[in-house]
Amino acid sequence: MFAGAVQRLRARGYTAIRVALGILVSATIFLATGELLTRQLAVIDRLNGIPRHLYLATSIPDLPFVLRPENTVRVRNFTVHVNRLGLRGPETTKIPPAGRRRILALGDSVVYGEGLEEADSFPTLLERELNVRGGEASEVLNGAAPGYNTESELAYLREVGLALAPSELVLGVSLNDFTPTPGLTPFGFLTVDSAERSHLPWLSNHSEFYMLVRWLIAYGRGGLWYQRAARQAKPPTTPFEERWPAIDRAIAMMHKRFYAAPSGPGWESVRRALAGLRNLARARGLQLSVVIFPEKDQVELPEPNHDPQRQWLALCTEFELRCLDLLPAFAAAAAPDGPLFQDTQHPNAAGMRIAARAVADFLRP
């Protein structure tokens, strides 16, 4: 009897071990298959909206990343080609040929051309507008990248842009330029949270399937950044706002609230960087023009908030800079040209054509 009991216990132990091994093997196959499919289908980059291999991390202070040279990627519904100099746009020489007017456009995702094909980006359209006006042949380089703020644009000019020998600079101002520039995690994701760049779980920087599951859980809980921001949006009060997604209303509200009385580290970084851009341009004998892009609510609402433009124009006066406010040009064209924006901040192709014409007139000798 005792021997039979021992045999039954052994049999149960073997069964438990076989079940455990089966579960372990099944889990391993499931996780490996999930990882393989997530990587093969580029699920993370599709959901993130920005392919990670578009960026190259740097160790330069205030310039956490640049565009990866000699790279062509498909980003959602548009294509980005980065030339060998690390600029979005066609190939060109490091030094301009004699007799060519070279303008370096600095900025963030607006100047870079987020959501637009290269032919519809601001630098490309500005170059076209300048050349159809005659005079010296002009070339406009796209020195912008999504996520840059004014400090990053200064660092880019100092570390990269000056070597391209521009004769003029155009600084494209977006109304979120007071926010920090994101950095890259070891896995290539952009984040403004410094802790996420160094203290994420090990799997976050090695497993795409883990990141997918983590994002899905966060999405189900409403914890992704755009879900949190959308909850802060005020209810629409006009027929115009009713057509906007909640995230657009939330971003517009956040920016206008800041510019009612700008202060804090973000505004101090803007002031410091703008002074640095002015001083560097003067030291190198470069003309610097500041161009302020409006946001959608400022163009479409019947009684828009102009506080951001007033604050930036005041800075231009204080620092003795040539400054162009694009809001009047956008407002004048809004009705006949139809929608001019893709979202709160980013003009569409029609909006960029308006910006390019206005800036070309502003830059005319």
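**Exercise 1. Which residues is Ala145 in contact with, leaving aside its neighbours within four places in sequence?**

Solution. Keep in mind as you work that this model is predicted.

- Step 1: Find Ala145 in the loop between strand E6 (138-142) and helix H5 (150-159).
- Step 2: Skip the neighbours within four places in sequence; the contacts of Ala145 are then Phe65, Leu67, Gly107, Asp108, Ser109 and Tyr112.
- Step 3: Take Leu67 from that list. Ala145 and Leu67 are 78 residues apart in sequence, yet their C-alpha atoms are 7.0 Å apart in space.
- Step 4: Decide whether Ala145 is buried. Its relative accessibility is 1%, and buried means under 20%, so Ala145 counts as buried.

**Exercise 2. Describe how strands E3 and E4 pair, and where the side chains of E4 point.**

Solution.

- Step 1: Locate strand E3 at residues 71-75 and strand E4 at residues 78-82. The two pair in the antiparallel sense, over five bridges.
- Step 2: Pick out one opposing pair: Asn71 stands opposite Val82 in E4.
- Step 3: Look at the hairpin turn. Two residues lie between the strands, and Arg76 takes a positive phi near 50°.
- Step 4: Follow the side chains along E4, which alternate. Phe78, Val80 and Val82 are buried and point to one face, whereas Thr79 and His81 point to the other and are not buried.

**Exercise 3. Work out the strand order of the five-stranded open sheet, and find its edges.**

Solution.

- Step 1: Read across the sheet: the order is E6-E5-E7-E10-E11, with parallel pairing.
- Step 2: Look for strands that pair on one side only. These are E6 and strand E11 (322-325), the edge strands.
- Step 3: Check the twist, which averages 20° from one strand to the next.
- Step 4: Examine one pairing in detail. Strand E7 (residues 168-173) is joined to strand E10 (residues 287-292) by six bridges, and Leu171 has Val290 in E10 as its bridge partner.
- Step 5: Add a helix to the picture: H5 lies across strand E5 (101-106) and E7, and runs at about 145° to E5.

**Exercise 4. Describe the packing of helices H9 and H12.**

Solution.

- Step 1: Two packed helices are described by the angle and the distance between their axes. For H9 (residues 246-260) and H12 (residues 307-318), the angle is about 45° and the axes are 8 Å apart.
- Step 2: Name the arrangement: H9 and H12 are therefore oblique to each other. Their crossing is left-handed.
- Step 3: List who makes the contact: Lys256, Tyr259 and Ala260 from H9, with Asp307, Pro308, Gln311 and Trp312 from H12.
- Step 4: Sort these residues by class, which gives four nonpolar, one polar and two charged.

Key. Residues are numbered from 1 along each chain as its sequence is written. This is a predicted model: local features need pLDDT of at least 70, side-chain atom pairs count only at pLDDT 80 or more; totals for chains, interfaces and linings use all residues. Side-chain values use heavy atoms; hydrogens and water are left out. Axes are lines fitted to C-alpha atoms, for helices over the stretch in contact, and angles run from 0 to 180 degrees between N-to-C directions. Helices (H or I, at least four residues) and strands (E, at least two) are DSSP runs, numbered from the N terminus. Angles under 35 degrees count as roughly parallel, over 145 as roughly antiparallel, 65 to 115 as roughly perpendicular and the rest as oblique. A crossing is left-handed if the near helix is turned anticlockwise from the far one by less than a right angle, and right-handed if clockwise. Contact means heavy atoms within 4.5 Å. Ala, Val, Leu, Ile, Met, Phe, Trp, Tyr, Cys and Pro count as nonpolar, Asp, Glu, Lys and Arg as charged, and the others, Gly among them, as polar. Buried means under 20% relative accessible area, exposed over 50%, partly exposed in between (1.4 Å probe, protein chains only). Two strands pair if DSSP finds at least two bridges between them.
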